[in-house]
Amino acid sequence: MTRLMVLLRQRIRRDRLQLALWIVGIAVLAYASMTAVFDTYGEEQDRKEILGVAIATRTILVFRGTPNGVDDGAFAFFLLFAWLALMGGLMSTFLAVRHTRKEEEEGRAEAVAATPAGRILPTTATVVHGVLANVVLGLLLALALIASGLEPGGSFVWGVAIMVSGFAFLAFGLFAAQLFRTSRGANSLSVTFVLAAYLLRGIGDAAGTPSEDLLHVTPAWPSWLSPIGYGQFTGAYVENDLTPLLIPLAFAAVLIGVVFALQSVRDQGASLLAGRAGRSNAGPVLSSSFGLAWRLNTPILLSWTAGGIATGLLATSLSPVVNQAATDAPQVLEILRRAIGSEASIEETFVALFYSIVGILAACCAVQVGIRARQEEVHGTAELVLGTPVPRLRWLLEYWIVGVIVIAIVLAASALAGIAGAGSAADPESLIPAVLEAALAQLPACLVFLGLTLLVFAFVPRATIPVGWTVVGVAAILGVWGPILQAPDWVIDLSPFHHSPVPAGGETDWTGGFWMLAIGLAAGAVAVWSMRRRELASGG
Amino acid sequence: MTTVISTRGLEKRFGRTIALDGLDFSVDAGEIHGFLGPNGAGKSTTIRILLGLARASSGEATLFGRDPWADAADLHKRVAYVPGDVAIWPNFTGGEAIDLLTRLRGGMTDKAAYRDRKQRLLDVFQLDPRKKGRAYSKGNRQKVALVAAFATPADLYVLDEPTSGLDPLMEQVFNREIDHVAREGATVLLSSHILSEVEALCDRVTIIRAGKVVESGTLAELRHLTRTEIAFVHDPAKEAGVTALPDTHDLVIDEGRVRFTVDSDRVADVLPDLGRLGVQGLTVAPPSLEDLFLRHYGDELAPVEEEARA
């Protein structure tokens, strides 16, 4: 018992900041969102309309939840539950892998296993640690919901539902850690599992059966495959039924049993799935420093492109539903207009709104390319490359070129997806130019972020990663939500995204775009040129 | 004899830390040069300046008579480099990393010859090229860098503590490869704090401490500075004759043997006296570099400046 306590205390101590950020972050997010929701959708009529639109469009349900009436609690549960469960799930799987496979990989687990603690007790301690983290998360979340003015009974049901789905994800994370030899493998499988759980219940909601009054939906069977789906079945604030949670609870219990069974038979450091042997010769891509920069950035490119394609598809495939909703209920059109804040045609405004998100995705991708250069430098592999006949200036220039290419690919892929999705629109021909214009309009802002990140890399190398992400994050919030949050104009003007041209039926104002194009190119050029003087700065 | 590496008054400061404090040394073509010093002496910093990865704060460094900072890329066509703490890409296999580095160095012109050399090196270093970088131990990462370095002929090999992660068997393999490239006429700069390695391989050594050269020369020259140890079987009857020997130092009689040291250039003068005494089981041991090191640093166990690799 004392040994377990020692291991548990070590885990809590090591995670105190990280878990505090996750748990408090989720609770604060819930509290802040509730306040915003009651502000925006204070009236029952507003909620009825937005639920009507969501049920009519279906796709919106994927990103929200199961509609269950217009009461304060039920409406909040619909908007927020699945999203919070997703975050709690990621917290749990990362926790599970961090204390098991990661420890084994780094060799620390071996040192612990050699003490009287043995091979099994550390896993027990990780289970207890993960369970405690989810209990605290559920409790704090319930309190945050109550504090925001929701009724206590339903708030606790919500907290318990998050906690139990967290148990299921924790168990899966531990299971994945048994399967793979690397923490990277275990983390990717468990993140995929969490995302799949989120999407499955989303498909369940979208494919569900709506009620007569368009205020409720009975989810379809895919929701039964997801721990988050079972959380939604509790119907917090309305039915307040905890019995559906027995299923994810049983899932977690069985999986943890399997984990202990595997742990007790396998060798320290071994895994259920053997590591694959790779190729012994390099392929044709790895034959130049440009090929290397490209190859290092392809995984980054693929994930952001997937996001761009999904957003592009949504931008135009939603248009018939939006039109339909607008014809059926003019007040719905009014709500959408208010949310978007534009007087252009409803379809065009929708496209512009979605492509501003594509712009953020492409900018993030470009920032990550700049960050990759820094990671190469810190890791020491840049030193290997620069020890060969690769000039410093060309080395960074190639990262810049890769950055430009990835921006172009994300934007082009999203434009193609948008055109493909326009097939179902009333007038596809008219949407295509809007899509192309909207996608192209994002290019200048993306170049600004690429240039800025490389500029930081060149002059304040240590700050590259935090500054890169912070700048793009803050700019995204200011550019997209600034106007809705009614921030002062000069603050909003700081965000490059705010200056991206907005397509408006052939009379688009491109001035902001040209300015940003000039700034972006200049920043990139200064960064690359500065490599003439810059030494390698490998220290973290 | 042409000079391959030369530095004059080389200085490097990181903020207020002085990493190199007027370093002067040179390496001639075809020489295996040992670059010795404790951690933090400035070995890696010097090497990074010589490769144009860092810039000297003042002073002058040349590589093949050219400026390593301004002409870095061009000079690197003639150089193979193994960094001190080898990092390789976690998601590439060792084989991929070796091929990539070879191609970057332009060593793929004769593909068949390269393939043979690579395979031979993989065999002698016993390296599995199909494992991902993240799965390699420190020693195996070092082997990846060494195979990449030796797989393409170079005029100059710059090796920063290349054997620190290798086991003794692999050190032998490494020594053979160094011999191999030296016979082909290459110049080698080998930094180390493993003295036996330098002693076995190097023609000349430079010893640095706190960013300054403290000794430089051939091993024979440096040995003049130290004392040779002489030992033989103790015979109580001859004790008076032994204590009367001139120029001896640190005389001890222990475990049945007499042990003392003499200045290395005085050894020949002592031998006739020993002959007259008729000593048994005589051994004459030349000083090891350990002795050289202890002489330079033995009295300075105080912490030296932190390794200046910002």
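Which residue does Phe35(B) stand opposite in S8(B)? Keep that in mind while we walk through the structure, which is a predicted model.

Let's start with chain B as a whole. Its C-alpha atoms fill a box of roughly 70 × 45 × 40 Å along the principal axes. Inside that box you'll find eleven helices and 13 strands. The domain assignment splits chain B into domain 1, residues 3-218, and domain 2, residues 227-286. If you take the centres of these two domains over their C-alpha atoms, 43 Å separate them.

How is the chain folded up on itself? Of the 310 residues of chain B, 41% count as buried. Now look at contacts in chain B between residues with a separation of 6 or more: 73% of those come from residues 24 or more positions apart.

Now zoom in on one strand, S3 of chain B, which covers residues 32-36. Is this strand mostly covered or mostly open? It is mostly covered, with five of its five residues buried. You can check this face by face: Ile32(B), Gly34(B) and Leu36(B) are buried on one side, and His33(B) and Phe35(B) are buried on the other.

S3(B) has strand partners, too. One of them is strand S7 of chain B, residues 187-192, which runs parallel to S3(B) and is joined to it by five bridges. Within that pairing, Ile32(B) has Val188(B) as its bridge partner. Another is strand S8 of chain B, residues 204-209, also parallel to S3(B) and joined to it by four bridges. Here we can settle the opening question: Phe35(B) stands opposite Thr206(B).

Next, let's leave the strands and look at the nonpolar cores. The largest one has 148 residues, and those touching the most other members are Ala362(A), Cys365(A), Ala366(A), Ile407(A) and Val147(B). Notice that this list has names from both chain A and chain B. Which helix gives this core its largest share? That's helix H15 of chain A, residues 346-379, with 18 residues.

Pick out Cys365(A) to see what such a spot looks like. Leaving aside residues up to four places away in sequence, Cys365(A) touches Ile300(A), Leu301(A), Trp304(A), Val406(A), Ile407(A) and Val410(A). Ile407(A), in that set, is itself one of the residues touching the most other core members. Apart from this core lies another one, made of 63 residues, including Phe81(A), Ala85(A), Val157(A) and Leu174(A).

Technical notes
Residues are numbered from 1 along each chain as its sequence is written. Chains are lettered from A and ligands numbered from 1 in the order in which they are written. This is a predicted model: local features need pLDDT of at least 70, side-chain atom pairs count only at pLDDT 80 or more; totals for chains, interfaces and linings use all residues. Domain bounds come from an automatic or database domain assignment. Helices (H or I, at least four residues) and strands (E, at least two) are DSSP runs, numbered from the N terminus. A residue is buried if 20 or more other C-beta atoms lie within 10 Å of its own, exposed if 12 or fewer, and partly exposed in between; C-beta atoms are placed from the backbone. Two residues are in contact if their C-beta atoms, placed from the backbone, lie within 7 Å. A nonpolar core is a set of buried Ala, Val, Leu, Ile, Met, Phe, Trp, Tyr and Cys residues joined through C-beta atoms within 7 Å. Two strands pair if DSSP finds at least two bridges between them.
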